[in-house]
Each structure stands twice: as structure tokens, then as C-alpha cells.
Amino acid sequence: MTQLLEALAWIADPTRWSGPGSIPVRLLEHLWYTLLGVGIAALVAIPVGLLVGHTRRGRGPVVALSGAARALPTLGLVTLFGLWLGIGLTAPVLAFVILAIPSLLAGAYSACEAVDPRTVDAARAQGMTEWQILTRVEVPLGLPLLIGGVRLAAVQVVATVMLASYIGNGGLGRFIFLGLNLSDYPQMLGGSILVVALALVIDLALRLVERLTAPRGAART
Amino acid sequence: MIAFENVGKTYPDGTTAVEDFSLEIASHEAVVLVGTSGSGKTTLLRMINRMVDPSRGRVAIDGEDVAGLDPVRLRRSIGYVMQASGLLPHRSVLDNVTTVPVLRGTSRREARSRALELLETVGLDPALARRYPSQLSGGQQQRVGVARALAADPNILLMDEPFGAVDPIVRADLQQEMLRIQKELHKTIVFVTHDIDEAFLLGDRVVLLRPGGVVAQQGTPQEILAAPADDFVRSFVGADRGTRTLHVEEIEGRRIVVDADGRAAGVLEPPAGGAARA
């Protein structure tokens, strides 16, 4: 309890809220790394997931691959890529991309698969092209599931981004690793609390987006 | 004119849906394909707009093999009504009806004003235009499905058990509406059903199918009822069923048509222009 209070006091200390290396700076760095990881992963995983969901082909290999990707320990990846690519942002971001891909893939293909096949059949029979079926039927109807995948990926990555600091980057992980090295437990715990809070905020925000993107008319049946 | 020339369909898993089927459908004619499940009737219907490609033979529209046509353009030129209405749940009734015209490049405004007219044509209150499909009854959804199929003013209308999922009263209503629309618009209609009464009611010509798309008999409803080709047809059309074997009884000077169970089916009127002769 005392430790928690000390951690909160550490966070509340006004000197930590301005200047270089302050909490807002680290918070923004943290968000930026998360955005990079999830964003790059989305560029790869969402088109592939939609393709798999739309064509209903290649689901087996994709599930197997993302299962394997999920099993990879991210700390190990960060270390490995760090050794390969050196200190910097490339190594951790690459690891976060791998971490984010499975959830994004699953969200994208389940978005397509959740749409009633009769609706898709009817759209095709009316003369929609495959692209129009994807963009005007499957994506709008499956959007909440797609955003759900983004949410899962973002929460996983935001909780893991502290590892970026492990090989010399910024982010909230700096407080955690610094605290660990200095045995400064209030700082370490304070950093952790900030990571947890950020994860919760992102989760909540994206849940809201999920709800807002639910297709009108489809809810009542 | 739609021509099936020795078409067959065998799926990759080896099942044969249609063996060898030939049929010509004249323009402005309403032909009903009727058969039980497994008769290949839906497969045949979907060959016309290339939702299914035949494994053998060819389907031609006005002499042109559909296999050589772009499937997307072909489908946009043919109306298609399906059993579960197949409306897009996230689009309003109006947007559903304007789907095809908008895809074909008609301006949204023009498509909308035409869609509102069409809603009236199919017997729907235009006030429903802003609703979503899930806010409509099954019968209303089917009417929207018909309006959507008519929206691009196609020459051909394909209807795959369109009234199969609604209750009998609504179905009867929709069937009458369909007859009225056909009288007005004279489309070439290919209609699929398993309901022989519906087939006789809506078809200028009825094609009775056995499993595998084998034609058991084809002709006008009158021809089929007058001379069923075999026992299969006889039992399918219910020729031996009480409601189809009618006879005339004279009651108080009027001639009443009565079925085999003695239930009155109607009054026999004298032929127009001539006096009744006993």
C-alpha cells in the first residue's frame, strides 16, 4: 500500500510533468511506438486478412502462421532483432509488428466471414464486382470486428512497448527500467501504472469506435 | 429469348446437379421451373446470369452465349429476386432499390425518384423508403426485393422461390401483385418454385423437373393438367388429389363446380357470348 502511494506520489510530482524526459514526453513516445507497430502491422495484415475472408481461401495457413507468431516471446524478439539491427527503433518496432499481426489478421478475416453468405451472394447476383462486395458489403458490415482486431492488437502492443526502452529507446519503459536499475521502486511502479492506464484508455476508446461503427439497421433483427 | 442448349452441371466433388437440359424461353414469357429439391432448378436459373457456369452445353440470350459476356455487366442487366430477399442490411430500402442503377452509372437523384415510383409499383408505401430491411416484415422485404430487381428496367427477371419464406396469405397477395406487374411490364420471367399451385398460377408455361434437371413434362398449365405425361407428373400436380378432380353439379338452376370431396370450388359461368347448353 505504501509502495502504491509512493508510486502515485511519484507520478503526481509536478517536476515530472515538464521538460525533456518528463512523463508527457515519454507518454507521447510510447503512443508513437504503438502507432508505428500497429500501423505497419495493419498495412500488412488487414489486406491479407480481408483477402482471406473474402475468398475463403488460405485460412488454414494464415491461422497456423498467426498462431506461431502469437507464441513468439516478444522480449526474445526485441533482443534478437536488437542484436541484428543494432540499437534504435527498427528492432523493437519490428517485434511489435509481429506481435500485432495475429489479432489484426483474425479481426480482418472474421469481419468478412461474419457477413451472411446470402447477403454476399445477393450482392454478387445484382452485379457488384468483387471489390465492390468487399468495400460496400463485407467491410461495412464487419467493421466492428475489424476494429475489434485493431483494439486487441493496440492493447497488446501498448503493454509491450516498454520493451523498446530495453534497448535504448524512449517510452514509458524508461521509467520502469531506470527504476529497476536504481532499485527506485516508486518510479518503476509509477511507470507501470502509467502503462496500464494508457492501455485501459486505448481499450476504452477503441471499444467506443467499435460501437460507433456498428452498421445501422443491422442491429435490430 | 433465352436458350438452354444441352447444358449440364457437374460439381468438382462429382455430384451432378443437371444432366442434360434444353429449353427455349421466348421474350415476354413467364416460365416456371418447378421441382423438388435436387431437381437442379436453382442451378439452371443461376446459369442465366452466370452465377453458375455450366460444365457442358451453353446458355444463350438472344443468340449470344452468356459465357462470352462479362458476368458483372450481365448481372446488372438482369433482375434477380431471391428467397431470403438478400437485401443489404446496412442500407435503407431506398438505397437497396437504387443499388443497380447507381452501379450502372445513373445519377443518384434520378435513381431515387425512380425507386420511389417502383416502391408504389410493388405495392409499398414510399414512406418506408428510409427504413432498414430489418424494420420490415418478410412480405415487405420481398416486395423491396422485387422493386430492386426491376430498378434497372431489365428485360429478364429471375426469381428463385421469391415467396417461399412468407406465410400463405402474404404469399397469395404477392403472387397477385406479380401477375399485375407482369401484365403491366411484360418481362421475360424465369421463376423457380417447388409449389405446383404457384407454378400453375404464374407460369405461361411450366417445366416440371425430375432430379438431375430431367424434364418430366413441359407445357401450359392446361396442357399438363389435361394430359399428365406419366405417374410422376400426375402425382406432382396432384391430378388424383381431390382438389383437382372437379365435376359439375346443378343446384337451383345454377351449375356449381365441386371437387372430389364434395366441396364447392366455384360457379360455372356460360361461355362469353353464348347461352349455356345443358
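Reader: At what angle do α2(A) and α7(A) pack?
Author: This is a predicted model, so take the geometry as computed. Two packed helices are described by the angle between their axes and the distance between the axes. For α2 (residues 23-55) and α7 of chain A, the axes are 10 Å apart, and the angle is about 145°.

Reader: And is the crossing of α2(A) and α7(A) left-handed or right-handed?
Author: Residues that make this contact include Gly37(A), Ala41(A) and His54(A) on α2(A), with Leu134(A), Ala153(A) and Val157(A) among those on α7(A). By class, the contact has ten nonpolar, three polar and one charged residues. As for the way α2(A) passes α7(A), the crossing is right-handed.

Reader: OK, on to the chain contact. Which element gives the most to the side of chain A that touches chain B?
Author: Chain A puts 20 residues into the contact and chain B puts in 19 residues. On the chain A side, the elements giving two or more residues are α7 (130-160) and α6 (117-126). With eight residues, the top contributor there is α6(A).

Reader: How does that side of chain A split by class?
Author: Sorting the residues of chain A that touch chain B gives three groups. They come out as six polar, five charged and nine nonpolar.

Reader: Which helix of chain A gives the most to the largest nonpolar core?
Author: That core has 123 residues, and Ala100(A), Leu104(A), Val32(B), Leu33(B) and Val190(B) touch the most other members. Leu33(B), for one, touches Val190(B), Val207(B) and Leu209(B), among others. The top contributor gives 15 residues and spans residues 90-113 of chain A: helix α5.

Methods:
Residues are numbered from 1 along each chain as its sequence is written. Chains are lettered from A and ligands numbered from 1 in the order in which they are written. This is a predicted model: local features need pLDDT of at least 70, side-chain atom pairs count only at pLDDT 80 or more; totals for chains, interfaces and linings use all residues. A nonpolar core is a set of buried Ala, Val, Leu, Ile, Met, Phe, Trp, Tyr and Cys residues joined through C-beta atoms within 7 Å. A residue is buried if 20 or more other C-beta atoms lie within 10 Å of its own, exposed if 12 or fewer, and partly exposed in between; C-beta atoms are placed from the backbone. Helices (H or I, at least four residues) and strands (E, at least two) are DSSP runs, numbered from the N terminus. Two residues are in contact if their C-beta atoms, placed from the backbone, lie within 7 Å. Ala, Val, Leu, Ile, Met, Phe, Trp, Tyr, Cys and Pro count as nonpolar, Asp, Glu, Lys and Arg as charged, and the others, Gly among them, as polar. Axes are lines fitted to C-alpha atoms, for helices over the stretch in contact, and angles run from 0 to 180 degrees between N-to-C directions. A crossing is left-handed if the near helix is turned anticlockwise from the far one by less than a right angle, and right-handed if clockwise. Lists of a residue's contacts leave out its neighbours within four places in sequence.
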